[in-house]
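Reader: I'd like to learn how to read a structure like this one feature by feature. Can we start with the aromatic side chains?

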Amino acid sequence: MNKRIHLTACLLSGAFFAGLSSSAWAEPDFTFQSPPAVVVWSQTDTYRDVEAVDEVQSRFEQRVFKQISAFFGEAAKSKLTDEETLYIEVTNLDLAGDVRFRPGVTRELRILDDLTPPRITFSYKMMKGEQVLKQGDEKLSDINYLNSVIGPARDRPFAYENQLIKNWVKKTL
């Protein structure tokens, strides 16, 4: 990410999220612009489950945060005008499934079952210029997630988290 864009996003997100969430504004760990969304990832070391399986942990986290930020941007495009921006501060993430060691397998695997749905907690503001159009705090989860994505879409990275975000955008924005 270009340093100027990153700095602008940090400054904007800090201004827009001041007082938005229940916790005090923290310096973001990651910020991604995926127009019309700006997604800030705060206190990522406290997230419930962003565990890598076959990848260096730091690279995996970067890839997860970037991809999920893109999901917010893509989903919001259909609901926001060119003058509107969606600001998101993610405060917790629990990816679908659970990483487990399986006997007879030489590595850990992410196992998907009904007991380990995807969860994402965030605050948001939908803005038009400096006017707040909508804002709130969200805790998304779908216990029926294994039936929410069908066909080849299941094979895409983070398909269940993407579906959570699409459903939220459709319902909320």
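Author: Sure, with the reminder that this is a predicted model. Take F30: its relative accessible area is 19%, and the cut-off for buried is under 20%, so F30 counts as buried.

Reader: And F32, buried or exposed?

Author: F32 is buried too, with a relative accessible area of 9%.

Reader: How do I describe a pair of rings?

Author: In general, you give two things for a pair of aromatic rings: the distance of the centres and the angle of the planes. This structure holds 11 aromatic pairs. In the pair of F30 and F32, the ring centres are 6.4 Å apart and the planes lie at 10°, so you'd call it stacked.

Reader: What about the rings of F30 and F65: how are they arranged?

Author: That pair is tilted, because the planes sit at 55° with the centres 5.0 Å apart. It also links distant parts of the chain: F30 belongs to strand β1 (residues 28–34) and F65 to helix α2, 35 residues apart. F65 is buried as well, at a relative accessible area of 1%.

Reader: Which residues make up the aromatic cluster with F30 and F65?

Author: One cluster takes in F30, F32, W41, Y47 and F65.

Reader: Let's move to helices. How do I check the length of α3?

Author: Count residues and turn that into an expected span at 1.5 Å a residue. Helix α3 (residues 159–172) has 14 residues and should span 20 Å; the end C-alpha atoms are 20 Å apart, so the two agree.

Reader: How many residues of α3 are buried?

Author: 10 of the 14, so the helix is largely enclosed by the rest of the structure. Among the buried ones are Y160, L164, I165, W168 and V169, but also E161, N162 and Q163.

Reader: What covers the buried residues of α3?

Author: The cover includes α2 (57–77) plus the strands β3, β6 and β7.

Reader: Then show me how to read a strand, say β6.

Author: Look at burial, then at the neighbours it pairs with. Strand β6 (residues 119–128) is mostly covered, with 7 of its 10 residues buried. It pairs with strand β3 (residues 84–94) in the antiparallel sense, over 10 bridges. For one bridge to find on screen, try L86, whose partner in β6 is M126.

Reader: In what sense do β6 and β7 pair?

Author: Antiparallel, over 10 bridges, with β7 covering residues 131–141. Here M127 stands opposite V132 in β7. The hairpin of these two strands has 2 residues between them, and G129 takes a positive phi near 65°.

Reader: Now zoom out. What pattern does the protein follow along the sequence?

Author: Reading along, you get α-β-β-α-β-β-β-β-β-α. That comes to 3 helices and 7 strands.

Reader: And how do I read burial and contacts for the whole protein?

Author: For burial, 46% of the 173 residues count as buried. For contacts, take those between residues at least 6 apart in sequence: 64% of them join residues at least 24 apart. As for the surface, the protein exposes about 9700 Å², and carbon and sulfur atoms supply 49% of that area.

Conventions:
Residues are numbered from 1 along each chain as its sequence is written. This is a predicted model: local features need pLDDT of at least 70, side-chain atom pairs count only at pLDDT 80 or more; totals for chains, interfaces and linings use all residues. Side-chain values use heavy atoms; hydrogens and water are left out. Buried means under 20% relative accessible area, exposed over 50%, partly exposed in between (1.4 Å probe, protein chains only). Helices (H or I, at least four residues) and strands (E, at least two) are DSSP runs, numbered from the N terminus. Two strands pair if DSSP finds at least two bridges between them. Contact means heavy atoms within 4.5 Å. Accessible areas come from the Shrake-Rupley method with a 1.4 Å probe; for residues, only the protein chains shown count as cover. The expected span of a helix is 1.5 Å times one less than its number of residues. Rings of Phe, Tyr and Trp (its six-membered ring) pair if their centres lie within 6.5 Å; planes under 30 degrees apart count as stacked, over 60 as edge-to-face and the rest as tilted.
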